Structure formats: structure tokens, C-alpha cells
Protein chains: 2
Amino acid sequence: MIQKINRMSLVEQVVEQIEQLIEQEKWKVGDKLPPEMELMKKFDVSRNTLREAIRALVHAGLLETKQGSGTLVRSTSSLGAALKRHAKKTTMLETLEVRLALEKQAAQMASQLRTNEDLAQMNTYIQKCKDAMNANEMEQFITSDIEFHKTIVRASGNQLLIDLYDNMTDILYSFVYNFMAIDPSIQLEVKFHTQLFEAIKKQDQQSAQMYVENDMEILKERVVRMMED
Amino acid sequence: MIQKINRMSLVEQVVEQIEQLIEQEKWKVGDKLPPEMELMKKFDVSRNTLREAIRALVHAGLLETKQGSGTLVRSTSSLGAALKRHAKKTTMLETLEVRLALEKQAAQMASQLRTNEDLAQMNTYIQKCKDAMNANEMEQFITSDIEFHKTIVRASGNQLLIDLYDNMTDILYSFVYNFMAIDPSIQLEVKFHTQLFEAIKKQDQQSAQMYVENDMEILKERVVRMMED
DNA sequence: CCGCATTTGTTCGTATGTATC
DNA sequence: GGATACATACGAACAAATGCG
């Protein structure tokens with residue numbers, strides 16, 4: 001039996017393994033990696049090799065090293081890191097518009113493909129949004145709101161669309177999060193959620209896209225208002 | 001006058017400079033970089049430092065090194081490279097759907113923002129498409145077709161949208177290019193181009209989005225047919 | 001086919017700066 | 001402040017691939 005020769009350099013192999021560990025969430029965002037000595041033993045490579053692999057991942061944006069402290073996980077994919085870097089060169093409004101584009105398409109596709117499980121999940125998150133609104137719990141509202149939208153996009157079944165959307169959402173909310181406040185527009189938002197849900201349930205593609213636009217218009221106004229301050 | 005301290009490591013600085021040189025097309029895709037010795041002198045860093053910068057860019061997908069031969073430019077942005085890697089894990093159909101999402105949004109925005117120059121350019125490319133079709137020149141048709149669509153997306157004014165769209169288009173056509181043939185559907189395609197152009201001219205957002213869908217349906221059928229073979 | 005120059009790949013060693021305890 | 005561990009940068013020597021005459 002002939003074994004395939006390992007054409008990948010040691011560094012590349014370590015990089016791949018670390019990438020997978022992060023993608024599989026064995027090492028989560030914010031986690032601190034084990035110290036170099038431990039990793040050397042685990043991967044069975046020299047310190048130089050390990051360090052080089054880590055540097056590659058630092059430049060890719062997945063890891064972050066702090067002198068004297070350690071290395072920690074910063075992002076889950078190089079796509080996310082590249083998007084974040086790119087998004088910084090543009091405005092939040094542009095990111096929002098791209099996110100709108102993705103969600104509109106997702107809503108249209110979800111109208112055709114949604115399963116009963118999808119619908120049930122959407123319903124759950126809508127209810128959570130309502131509860132959070134009544135209890136004036138902003139943080140809970142935002143979390144449920146994000147999950148509601150992500151459920152729609154997941155229902156599209158398009159993995160590339162899902163990944164891009166999730167990254168855009170992360171970028172947006174990492175900026176907007178602290179500037180949110182309970183205000184009358186939230187009631188409108190919940191109303192649009194319900195309408196959007198009904199459209200997807202009825203498999204009405206046109207209306208689904210329209211309600212996405214309505215819903216995101218609110219977020220857009222918040223971003224614009226935020227940028228004026 | 002207080003000077004800002006250079007917090008960036010030498011490697012990072014070299015990486016940035018090379019990235020800029022590539023982005024500004026001083027080093028174009030396919031070009032061979034000057035040998036390490038020369039670059040060492042130009043950037044005034046040691047070989048190790050330079051090599052580490054190059055390695056980071058190789059991992060990011062912008063450069064490619066060949067022992068004994070040299071280093072050459074592979075891609076113009078890390079976003080593009082990350083997207084390409086990601087897109088390989090999914091299907092062409094998914095890429096096409098995301099591209100459709102972006103172009104629909106772009107068409108809607110272009111309907112509002114298009115300048116007379118934009119319209120003139122679109123017209124030019126439509127004419128080139130017609131000419132190529134009559135002359136049975138497939139390659140010329142595809143090139144003009146791509147340019148027509150890109151012009152619409154550019155007219156949206158959203159740089160993030162433009163970059164993502166361009167990359168998606170590159171990925172798609174690098175797969176589909178060689179499988180195209182002159183067939184009756186091309187006549188339909190030109191017809192949709194004209195309709196789409198008229199909608200943008202009349203600033204009719206709804207129709208513009210619809211015609212994008214019609215137009216891309218043809219491409220979708222081609223991709224599906226191609227994948228069956 | 002050989003030999004050679006060019007170019008990148010790999011692995012040492014060393015010096016200095018910097019964060020943490 | 002001192003000790004320790006890690007980060008950063010440079011230099012040098014040798015290996016391996018490529019291309020040319």
C-alpha cells in the first residue's frame with residue numbers, strides 16, 4: 001500500500017488543524033489558547049513551526065496574540081475577518097444595504113423552502129421579541145430579533161448566503177449594539193416581523209421581500225440617527 | 001508637534017505596503033515580484049522579516065511562491081481570496097443565488113442614483129452584446145455582458161456591494177466560461193438587458209429587480225444544464 | 001545532460017525590546 | 001526593581017527547485 005506523501009508543510013498542517021478547531025467551536029471566540037508549550041506537544045512540532053502557524057492566523061484575523069499574556073480567538077472564519085477588514089473601509093450604511101440584499105433574497109427563497117420546523121422557530125423568536133418588549137429588556141429583544149432574522153436566512157438553505165449574512169450581522173451589531181434604546185419604533189418592528197412571518201408561511205415571495213425592506217428601514221433610520229450624533 | 005508612534009510591527013508594515021502596491025495595480029495579477037534580495041533593500045528589512053510578510057500574504061491568497069522561480073501575484077484582495085476558498089465548499093448554484101441577491105439590490109439602488117454617464121455606458125455594452133451576438137462571437141458577448149452587469153452594480157454607489165459582486169462574478173465565470181455556447185437563449189438575454197436598462201432609466205425600482213431575476217434565470221439554467229453533464 | 005547562477009525554503013544563532021509576576 | 005517568558009528583528013549558512021546555456 002502506497003501512502004500519499006504529505007505535500008503540505010508542517011506549518012500549513014498546523015494552520016489547517018487550528019482553523020478546523022475554531023470552525024468546529026472547540027475553541028470559541030474569546031477563548032484563550034493553551035500555552036505554546038502544550039500546543040507544541042499536542043501537534044508534535046517545534047516551537048518555530050507552531051509560532052509561524054499562529055502568526056499566519058493572526059494576520060488572517062482569526063487569532064490575536066498579546067505579549068506576555070497569550071493568544072486568543074478573535075473570529076471564526078477568515079471570510080469573516082476579511083469582511084470585517086473590508087467593512088471598516090466603508091460605512092455602516094453600505095454594510096446594512098448589503099445585508100438587506102442578502103435577507104431579501106433569503107426571504108424569497110425561504111418562502112418556497114421553509115419547513116414546519118423553520119416556521120415554529122420563527123414563531124418562538126417573535127414571541128420572545130414581544131415578551132422582551134413588554135418587559136423593556138432591550139438586550140433580550142436584540143438577541144431574539146437577530147435570531148429571528150437568522151432563522152429566515154437559514155431557511156433559504158444556501159450556506160454561502162447564510163455565512164455572509166451572519167458575518168454582516170455581526171459587524172453591524174458590534175457597532176450598533178450599545179446605541180440602541182427602547183423607543184416607539186420597536187413596536188413597529190415587531191409588527192413587521194409578524195407580517196414577514198405570515199408572508200413566508202403563505203409562501204408569498206413578493207410580500208416577504210417587501211416586509212424585509214420595511215423592517216430594515218427601521219434599523220437603517222437608527223444607524224443614520226446614530227451616525228449624526 | 002507630537003508624532004504618532006509606529007505601533008505596527010515591521011512585518012505588518014511590509015504587508016500593508018505590498019497590499020497597497022497590488023491594490024493600486026503597480027503589481028498586477030500574474031506579475032512576478034522582484035526577488036527577495038531586491039525587496040529587502042527596497043523595504044530596508046531583513047530577509048526573515050520580508051519572508052514573513054510574504055508568507056502572510058501567501059496564506060491570505062494574494063501571493064504565490066515557487067521555489068527556484070519566484071513570487072507572483074495571485075489575487076487583488078484578501079476578500080476575494082477568502083470568498084474563493086469559501087465558495088469552493090459550496091455549489092455554483094449558491095454562488096449564483098448570492099450574486100442575484102446583490103444585483104437585485106444594486107438594480108434597485110441604481111434606479112434611483114444612476115447618472116447619465118451610467119446610462120450611456122450601459123447602452124454601449126448592450127450594443128456590444130448585440131453586435132457580438134450577430135457576429136456569433138461568444139467571447140466578446142460574455143465580456144460585454146459582464147461589463148453591462150458590473151456597470152449597473154457600480155451605479156449603486158455601494159463599494160462593499162461592488163466588491164462582493166465583482167468577486168462573485170469572477171468565481172462564477174471562471175467556472176462557466178468554457179461551457180458557454182451560442183444558443184437561442186442569448187437572444188432572450190439581450191432582450192432582458194434592454195428591458196432592465198429601460199427600467200433603470202425610468203427609475204422603476206420594482207421592474208428593475210424583476211428584470212434582473214429574469215435575466216439571471218437564463219444563466220441559472222445554463223449552470224444547471226452544465227452541472228448535469 | 002551537465003553545470004551554474006538565480007531564487008526561494010529551512011533552520012540555526014543572537015541581540016534587544018516588552019509584558020507579567 | 002528584578003526575574004522570567006515571550007515578541008521582534010537581524011544575520012548567516014545550507015538545502016532544494018528552477019531555468020539557461
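Between chain B and chain A the count is 1 salt bridge. This is a predicted model, and the bridge is a good place to enter it. Which residues form the salt bridge? A:Arg55 pairs with B:Glu52. Their closest N and O atoms are 2.2 Å apart. A search of the whole structure finds 10 salt bridges over all chains. The pair from A:Arg55 to B:Glu52 crosses between chains. A:Arg55 sits in helix H3 of chain A, residues 47-60. B:Glu52 sits in helix H3 of chain B.

Now look at polar contacts. Across the interface of chain B and chain A, 19 residue pairs are in polar contact, with both residues at pLDDT 80 or more. Which elements of chain B build its side of the interface? Those that give two or more residues are helices H1 (10-23), H3 (47-60), H4 (78-88), H5 (92-113), H8 (159-176) and H10 (205-228) of chain B. H5(B) supplies the largest share, with 11 residues. Sort this side of chain B by class, and you get 15 nonpolar, 11 polar and 12 charged residues.

How many residues take part on each side? In chain B, 38 residues are in contact with 38 residues of chain A. The area buried between the two chains is about 3200 Å². Carbon and sulfur atoms give 56% of that area. Three residues of chain B stand out here. B:His59, B:His86 and B:Leu160 supply 20% of the area that chain B buries against chain A. That is more than any other three residues supply.

Next, compare the two copies. In general, two copies of a chain are related by a rotation about an axis and a shift along it. Here, chain B can be laid on chain A by a turn of 180 degrees and a shift of 0.2 Å along the axis. The RMSD is 0.5 Å. That is the relation of a two-fold axis. Why do the copies meet through the same surface? Because 97% of the interface residues of chain B are also interface residues in chain A.

Step back to a single chain. Chain A has 10 helices and 2 strands. Read from the N terminus on, its elements run α-α-α-β-β-α-α-α-α-α-α-α. The C-alpha atoms of chain A fill a box of roughly 60 × 50 × 30 Å, taken along the principal axes.

Finally, turn to the DNA. There are 15 residues around DNA strand C. Which of them come nearest? They are B:Glu36, B:Arg47, B:Arg51, B:Arg55 and B:Thr65. Sugar and phosphate account for 66% of the strand C atoms that come within 4 Å of the protein.

Three contacts show the detail. A backbone N or O atom of B:Glu36 lies 2.8 Å from a phosphate oxygen of DNA strand C. B:Thr65 uses its side chain: an N or O atom there is 2.7 Å from a phosphate oxygen of strand C. At B:Gly68, a polar backbone atom is 3.4 Å from a base oxygen of strand C.

Which elements supply the surface near DNA strand C? H3, strand S1 (63-66) and strand S2 (70-73) of chain B each give two or more residues. H3(B) gives the most, with 4 residues. By class, this surface has 1 nonpolar, 9 polar and 5 charged residues. Helix H3 of chain B thus links the two parts of this tour. H3(B) is among the elements on the side of chain B that touches chain A, and H3(B) also gives residues to the surface near DNA strand C.

Methods: Residues are numbered from 1 along each chain as its sequence is written. Chains are lettered from A and ligands numbered from 1 in the order in which they are written. This is a predicted model: local features need pLDDT of at least 70, side-chain atom pairs count only at pLDDT 80 or more; totals for chains, interfaces and linings use all residues. Side-chain values use heavy atoms; hydrogens and water are left out. Contact means heavy atoms within 4.5 Å. Buried area is the accessible area (1.4 Å probe) that two parts lose on being put together, summed over both. A salt bridge is a side-chain nitrogen of Lys or Arg within 4 Å of a carboxyl oxygen of Asp or Glu. A polar contact is a pair of N or O atoms within 3.5 Å; within protein, one must be able to donate a hydrogen and the other to accept it, and residues adjacent in sequence count only if both atoms are side-chain atoms. Ala, Val, Leu, Ile, Met, Phe, Trp, Tyr, Cys and Pro count as nonpolar, Asp, Glu, Lys and Arg as charged, and the others, Gly among them, as polar. A residue is near a molecule or strand if one of its heavy atoms lies within 4 Å of it. Copies are superposed by least squares on the C-alpha atoms of residues with pLDDT of at least 70 in both.
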